[in-house]
Number of protein chains: 2
Amino acid sequence: MSLTGLEPAKTSKGEQTRAVILETALELFRERGYEETTMRAIAERAEVSLGNAYYYFKSKEHLIQAFYSRLQDAHHAASVGILESERDLKPRLLGVMRAMIVTTEPYHRFAGVLFRTAADPESPLNPFSPESEPARRQSIELFTRVVEGSKARVPSDLKQELPYLLWLYHMGVTLFWIHDSSPGTRRTYRLIDRTVDIVVKLISLASNPLMRPLRKAALALVVELRESDS
Amino acid sequence: MSLTGLEPAKTSKGEQTRAVILETALELFRERGYEETTMRAIAERAEVSLGNAYYYFKSKEHLIQAFYSRLQDAHHAASVGILESERDLKPRLLGVMRAMIVTTEPYHRFAGVLFRTAADPESPLNPFSPESEPARRQSIELFTRVVEGSKARVPSDLKQELPYLLWLYHMGVTLFWIHDSSPGTRRTYRLIDRTVDIVVKLISLASNPLMRPLRKAALALVVELRESDS
DNA sequence: GTCTATAACCGGATAGAC
DNA sequence: GTCTATCCGGTTATAGAC
């Protein structure tokens with residue numbers, strides 16, 4: 001519960017007020033962007049006092065957190081279709097990556113802020129922070145399904161770390177997308193098409209017995225990196 | 001000029017005031033961290049008025065920018081030793097990477113903010129932004145020297161992009177370092193030791209004629225990515 | 001044109017009454 | 001749970017001295 005930033009809202013009254021504030025905030029973020037939206041403006045349009053808005057969301061950043069967890073659910077929902085109908089690794093990955101862009105598209109403009117706060121090691125929004133562990137786990141879990149549900153044959157040591165590696169890959173694509181100002185973020189779609197192809201080729205290359213030593217070295221490293229998150 | 005954030009300060013008097021403000025700011029940042037240091041506190045200790053501080057630095061962020069460009073010079077200076085004495089690619093890269101951590105160490109605490117602002121697509125500090133093109137070029141240039149000065153044999157298509165790729169690699173290491181709270185950032189040093197090894201192995205793997213198609217595909221992609229920065 | 005200072009504005013955040 | 005009043009700090013406007 002506390003994990004999704006949905007702390008209060010015990011009574012239905014509170015739940016409702018909380019929802020109104022969040023909805024209004026997202027609306028304003030979409031309209032004018034994050035920096036340009038003041039807490040006062042949110043409170044005003046939501047018809048609550050400023051103090052009340054802060055009662056439900058400890059800070060402006062906490063509104064982002066709530067938004068982020070919602071986004072993730074949407075991405076999940078948008079991905080199930082392909083995951084249920086497709087067995088090949090490549091189209092599975094492709095589908096999930098495209099679904100991500102499609103669901104986040106309306107918020108492209110204010111995604112920059114999301115990423116900025118996420119990059120702060122101190123921020124609870126940081127994808128490597130303990131606070132966001134559940135969100136991270138959920139996201140990685142999606143990539144576990146991408147791999148597990150496919151008929152691709154992958155050595156077990158790699159298979160174990162692959163979801164995490166794909167999650168990292170998806171973070172990189174997200175970073176690119178945030179900076180992508182091409183119409184309809186075409187460039188991001190092209191990036192996905194190209195990189196998914198390369199990723200799949202790399203997986204099959206890494207699965208080659210000749211690659212075993214290098215693969216082992218690289219995977220040992222990945223495992224060690226992962227220790228830092230928890 | 002405007003690029004390093006060193007705009008005003010034509011006269012020696014102004015230059016001096018400017019330097020005092022920057023020095024004081026960095027001192028306070030080290031003492032209490034970034035958020036906890038107010039512009040008013042900086043102005044007070046530097047014995048100038050608040051308005052005056054803003055005359056020299058358009059915003060608090062611009063202080064970071066000045067700091068960043070200074071860091072980069074220090075890294076450069078700390079790297080020349082190895083680059084002049086060593087011909088093997090691996091120790092060259094290792095030396096440059098270690099030099100980076102050594103020079104930035106004293107600012108580890110407030111590096112998080114640096115990175116946070118750098119992650120904002122709108123920020124001039126963003127390493128992919130046009131404003132930081134000179135800084136980026138300078139940094140990539142360092143890796144060009146790492147490659148060019150070595151006796152490693154690398155196919156020319158890869159050799160061309162390698163400095164950029166190594167620069168990306170160094171950004172990744174930096175990201176890790178920022179989150180590294182182990183004593184003396186030991187984990188980062190270990191990461192460097194391990195990844196440099198892997199990177200060098202990957203370069204030699206990618207240089208294999210059998211890898212040509214995959215290498216070509218990957219490099220074409222890298223080139224395309226680079227178009228977005230300028 | 002270079003520099004310095006004072007006063008105010010604006011918005012995120014908090015305290016405390018109801 | 002909700003409000004009003006207030007604080008605090010980044011930033012700006014402005015006026016004037018050298």
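A polar side-chain atom of Thr17(A) lies 3.4 Å from a phosphate oxygen of DNA strand D, a polar contact being a pair of N or O atoms within 3.5 Å. This is a predicted model, where local features need pLDDT of at least 70, side-chain atom pairs count only at pLDDT 80 or more, and totals for chains, interfaces and linings use all residues. Residues are numbered from 1 along each chain as its sequence is written, chains are lettered from A and ligands numbered from 1 in the order written, and side-chain values use heavy atoms, without hydrogens or water.

**Contacts with DNA strand D**
- Arg40(B) places a polar side-chain atom 2.6 Å from a base nitrogen of the strand.
- Tyr54(B) has a polar side-chain atom 3.2 Å from a phosphate oxygen of DNA strand D.

**Surface near DNA strand D**
- The strand is surrounded by 19 residues, each with a heavy atom within 4 Å of it.
- Among the closest are Ser49(A), Tyr56(A) and Met39(B).
- Sugar or phosphate accounts for 60% of the strand's atoms within 4 Å of the protein, and bases for the rest.
- H3(A) gives the most to this surface, with four residues; helices are DSSP runs (H or I, at least four residues), numbered from the N terminus.

**Packing of H7(A) and H8(A)**
- Helices H7 (residues 133–148) and H8 (residues 156–179) of chain A pack at about 120°, with axes 8 Å apart; axes are lines fitted to C-alpha atoms over the stretch in contact, and angles run from 0 to 180 degrees between N-to-C directions.
- Residues making the contact (heavy atoms within 4.5 Å) include Phe143(A) of H7(A) and Trp167(A) of H8(A).

Key:
Polar contact = N/O pair within 3.5 Å; in protein donor to acceptor, adjacent residues only side chain to side chain. Helix = DSSP H or I, 4+ residues; strand = E, 2+ residues; numbered from the N terminus.
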